[in-house]
Every structure is written in structure tokens, then in C-alpha cells.
Amino acid sequence: MKPTSKKKKNQKPFWERAYQGHAYWLGKTKLGKVTLAGRNHYKWEAAGKAGDTEQLDAAKRAVELAIAMRDKQLDLFESPK
């Protein structure tokens, strides 16, 4: 029997701290990012969406939500598979 790689199957996205921000990674793929835009002001980008907030935790949650919604919601001009 061929051994299966648990590492590939069970990869979970994780946050990595960067210079003046954080990045959300799944393996070597960057899913989103949060950057510091001023004192107590953060901008986030993920899955073609962007926004800003005053709290880092709220920005991280917004990135995670955008990634989760990307897989569940069909694109306006994309036909279903």
C-alpha cells in the first residue's frame, strides 16, 4: 500500500506576521493580507475584495470570511460547473 501524505491533505491556512502587516497563507499560496495603513487603521485584501477597519482582529476575520465566501458564492459571470 502506498503511504499517503497527511501534510498535503490536511493543510490549514495560517497567519504569518510581516513588516507592517500580516499575510494569510495556505502552503505556499498567499490567500490574503492585512497591512497597517496608519495609527490604528488596517487595510485588508483577499479574494478580490478589500476593505479597512480600525482593529487588526476584525481585519483578519474579514480576510478569512472573504476566503470562505469565495468557495461558496458563484461569480456573477461564471457558469456553474
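Reader: In which helix does Lys60 lie, and what kind of model is this statement drawn from?

Author: Lys60 belongs to helix α2, which covers residues 56-72, and the model in which this helix appears is a predicted one.

Reader: Why is Lys60, a buried residue, described as having no salt bridge?

Author: A salt bridge requires a side-chain nitrogen of Lys or Arg within 4 Å of a carboxyl oxygen of Asp or Glu. For Lys60 the nearest side chain of opposite charge is that of Asp57, and this lies 5.4 Å away. That value is over the limit of 4 Å, therefore Lys60 is described as buried without a salt bridge.

Reader: Which residues is Lys60 in contact with, once its neighbours within four places in sequence are left aside?

Author: Lys60 is then in contact with Trp15, His22 and Val34.

Reader: Trp15 also takes part in an aromatic pair with Tyr24; what makes this pair tilted rather than stacked or edge-to-face?

Author: A search of the whole structure returns 1 aromatic pair. In that pair, formed by Trp15 and Tyr24, the ring centres are 4.6 Å apart and the planes stand at 35° to each other. The distance is within the 6.5 Å needed for pairing, and the angle is neither under 30 degrees, as stacking would require, nor over 60, as an edge-to-face arrangement would require, so the pair is called tilted.

Reader: How do you know whether Trp15 is buried or partly exposed, and whether Tyr24 is buried or exposed?

Author: The relative accessible area of Trp15 is 22%, and because a residue counts as buried only under 20% and as exposed only over 50%, Trp15 is partly exposed. Tyr24 has a relative accessible area of 9%, which is under 20%, so Tyr24 is buried.

Reader: What makes the phi of Gln20 worth a remark, and where is Gln20 found?

Author: Gln20 is a residue other than glycine, yet its phi is positive, near 55°, and its place is the loop between β1 (14-18) and β2 (21-26). With a relative accessible area of 45%, which falls between 20% and 50%, Gln20 is therefore partly exposed.

Reader: Why is Asn40 called exposed, and where is its place?

Author: The relative accessible area of Asn40 is 53%, and because this is over 50% the residue is called exposed. Asn40 sits in the loop between β3 (29-38) and β4, where the hairpin of these two strands has 2 residues between them and Asn40 takes a positive phi near 55°.

Reader: How do you know that β3 and β4 pair, and in which sense do they do so?

Author: Pairing requires at least two bridges between two strands, and β3 and β4 are joined by 6 bridges in the antiparallel sense, so they pair. One of the partnerships places Lys33 opposite Glu45 in β4.

Reader: What makes β4 (residues 41-46) and β5 (residues 49-53) a pair of strands?

Author: The two run antiparallel and are joined by 5 bridges, which meets the requirement of at least two, so they too count as paired. Ala46 has Lys49 of β5 as its bridge partner, and Lys43 stands opposite Asp52 in β5. The hairpin of β4 and β5 has 2 residues between its strands, and in the turn Ala47 has a positive phi of about 50°.

Reader: Which residues form the covered face of β4, and which the uncovered one?

Author: The covered face consists of Tyr42, Trp44 and Ala46, whereas His41, Lys43 and Glu45 form the uncovered one.

Reader: Why is His41 called partly exposed?

Author: His41 has a relative accessible area of 27%, and because this lies between 20% and 50% the residue is partly exposed. Leaving aside neighbours within four places in sequence, His41 is in contact with Thr35, Leu36, Asp52 and Thr53. His41 and Leu56 are 15 residues apart in sequence, with their C-alpha atoms 8.1 Å apart in space.

Reader: What pattern does the chain follow along its sequence, and how many helices and strands does it have?

Author: The chain has 2 helices and 5 strands, arranged along the sequence as α-β-β-β-β-β-α. Buried residues account for 21% of the 81 residues.

How values were computed:
Residues are numbered from 1 along each chain as its sequence is written. This is a predicted model: local features need pLDDT of at least 70, side-chain atom pairs count only at pLDDT 80 or more; totals for chains, interfaces and linings use all residues. Side-chain values use heavy atoms; hydrogens and water are left out. Helices (H or I, at least four residues) and strands (E, at least two) are DSSP runs, numbered from the N terminus. Buried means under 20% relative accessible area, exposed over 50%, partly exposed in between (1.4 Å probe, protein chains only). Lys and Arg count as positive and Asp and Glu as negative; His and the chain ends are not counted. Contact means heavy atoms within 4.5 Å. Rings of Phe, Tyr and Trp (its six-membered ring) pair if their centres lie within 6.5 Å; planes under 30 degrees apart count as stacked, over 60 as edge-to-face and the rest as tilted.
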